[in-house]
Amino acid sequence: MHESNEDNITEAVLGRVRGASDPRVRTISEALVRHLHAFIREVEPTEAEWEAGIRFLTRTGHMCSATRQEFILLSDTLGVSMLVDAINHRVSAGATETTIFGPFYVPPPEFPNGADISGHFSGSPLYISGTIRNVDGAPLAAAIVDVWHSDAEGFYDLQKLDQHPDHAGRGRFRTDTSGSFRLWTVRPTAYPIPNDGPVGQMLSAQGRHPYRPEHVHFMIQAPGYRKLVTHIFAAGDPYLDSDAVFGVKDSLIRTYQGHIGGLALDGRTMSGPWFSLHQDFSIEPSA
Ligand SMILES: [Fe+2]
């Protein structure tokens, strides 16, 4: 067969990729060709539409930098990141559920328990504490707890590096002998994902808002256990039902307890409004 036409081109391409020596490459390549061709047959794009699609992906790549990952935003907003997460983290009963990693993680500076990570962020004080346990309930000492979140205007430190070169709202803690960690920071807020690029244009063309409900990110690691990447969402947030990146799970919604003055949980004397968030996490063995 020399001629490729609308009827036989899919089989012709599949025939070429079947020569892949790595069986996983072959499986992925075949599925890619089958689904991509099915997409084109369903949509029947004009040539101008196909060129627009190529330009969209090109602009998505050009938008990426050391601190901006437009392809992660694209994956997140199309629900692909959450689907990959769900497939890879079918957690057993008792383990804390996972959610997406997001584009705003960088390895954080390490702090002692009780430290304040708010840096140049301003806002209402928030005390975060919790215990890391295995699924049998035993506390895990020396587990690594990475925490990161936005400021009270909805921006991560990485989005304001030109004004503030130092990190803020992110830190690494190690659990003590009772498996606990604690820190001070300031309360974040709901925020729009960066929507000044091609992904923002896609959302607006699709009639979607770019907001994520208020949350704090956690990544927890301990030797012999699966890495846990998750968020804790603020109960009552108006975007819990329409997270732009589909990251919400009911088990990850908590009340950020409001307080006025008084003694904080670590004995600090407070004045004015502040909040506390207590969250225990259960992690699974890695094997
Ligand atoms: Fe976030």
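Q: How much accessible surface does the chain have, and what part of it belongs to carbon and sulfur atoms?

A: Before any number is read, it should be said that this is a predicted model. In this model the accessible surface of the chain comes to about 15,000 Å², and 55% of that surface belongs to carbon and sulfur atoms.

Q: What are the spans of the C-alpha trace along the principal axes of the chain, and how many helices and strands does the chain have?

A: The C-alpha trace spans about 80 × 40 × 35 Å along its principal axes. Within the chain there are six helices and twelve strands.

Q: What percentage of the residues count as buried, and what percentage of the contacts join residues at least 24 apart?

A: The chain has 287 residues, and 42% of them count as buried. If we take the contacts between residues at least 6 apart in sequence, 70% of these join residues at least 24 apart.

Q: How many positive and negative charges does the chain carry, and how far apart are their mean positions?

A: There are 24 positive and 34 negative charges in the chain, and the mean position of the positive charges is 5 Å from that of the negative ones.

Q: Which residues coordinate the iron ion, and through which atoms?

A: To read a metal site, one begins with its donor atoms, which here are OH of Tyr156, OH of Tyr191, NE2 of His215 and NE2 of His217, at 1.9 to 2.1 Å from the iron ion. Along the sequence these donor residues follow the spacing Y-x34-Y-x23-H-x1-H. Tyr156 belongs to the loop between strand S2 (144-148) and strand S3 (170-174), whereas His217 belongs to strand S7 (residues 215-221), so this pair ties together parts that are 61 residues apart in sequence.

Q: Are Tyr156 and His217 buried or exposed?

A: Both of these residues, Tyr156 and His217, are buried.

Q: Why is the site of the iron ion called irregular?

A: Four donors count as tetrahedral if all angles lie between 85 and 135 degrees. The angles among the four donor atoms of the iron ion run from 92 to 158 degrees, and the site is irregular.

Q: Where is Arg170 found, and which residues does Arg170 touch?

A: Arg170 is found in strand S3, and because its relative accessibility is 2%, Arg170 counts as buried. Leaving out residues up to four places away in sequence, Arg170 touches a list of residues that includes Phe104, Tyr105, Pro109, Trp148 and the iron donor Tyr156. Arg170 and Pro109 are 61 residues apart along the chain, while their C-alpha atoms are separated by 7.4 Å.

Q: How far apart are Pro213 and Asp237 in sequence and in space?

A: Here it helps to read two distances side by side: Pro213 and Asp237 are 24 residues apart in sequence, and 5.8 Å apart in space from C-alpha to C-alpha. Pro213 is found in the loop between strand S6 (211-212) and S7. With a relative accessible area of 0%, Pro213 is buried, and among the residues that Pro213 touches, not counting those up to four places away in sequence, are Ala190, Phe233, Asp237 and Tyr239.

Q: Which residues does Asp280 touch, and where is Asp280 found?

A: Asp280 is found in the loop between strand S11 (269-278) and strand S12 (281-283). Not counting residues up to four places away in sequence, Asp280 touches Thr96, Gly130, Thr131 and Arg133. The C-alpha atoms of Asp280 and Ile132 are separated by 5.9 Å, although these residues are 148 residues apart along the chain. Asp280 has a relative accessible area of 31%, so Asp280 is partly exposed.

Q: What is the phi of Ala142, and what is the phi of Phe246?

A: Phi is a backbone angle to be read residue by residue. Ala142 has a positive phi of about 65 degrees although it is not a glycine, and Phe246, also not a glycine, has a positive phi of about 60 degrees. Ala142 is found in the loop between strand S1 (125-134) and S2, and Phe246 in the loop between strand S8 (228-234) and strand S9 (253-254). Ala142, at 46% relative accessibility, counts as partly exposed, and Phe246, at 45%, counts as partly exposed too.

Note on methods. Residues numbered from 1 in each chain as written. Predicted model: local features only at pLDDT ≥ 70, side-chain atom pairs only at ≥ 80, totals over all residues. Heavy atoms only, no water. Donors = N, O, S within 2.8 Å, 3.2 Å for Na, K, Ca; no water. Tetrahedral: all angles 85-135°; square planar, octahedral: opposite > 155°, others 65-115°. Helix = DSSP H or I, 4+ residues; strand = E, 2+ residues; numbered from the N terminus. Buried < 20%, exposed > 50% of the residue type's maximum accessible area, 1.4 Å probe, protein only. Contact = heavy atoms within 4.5 Å. Areas by Shrake-Rupley, 256 points an atom, 1.4 Å probe, with all protein chains shown as cover. Lys, Arg positive; Asp, Glu negative; His and termini not counted. Charge placed at Lys NZ, Arg CZ, Asp CG, Glu CD.
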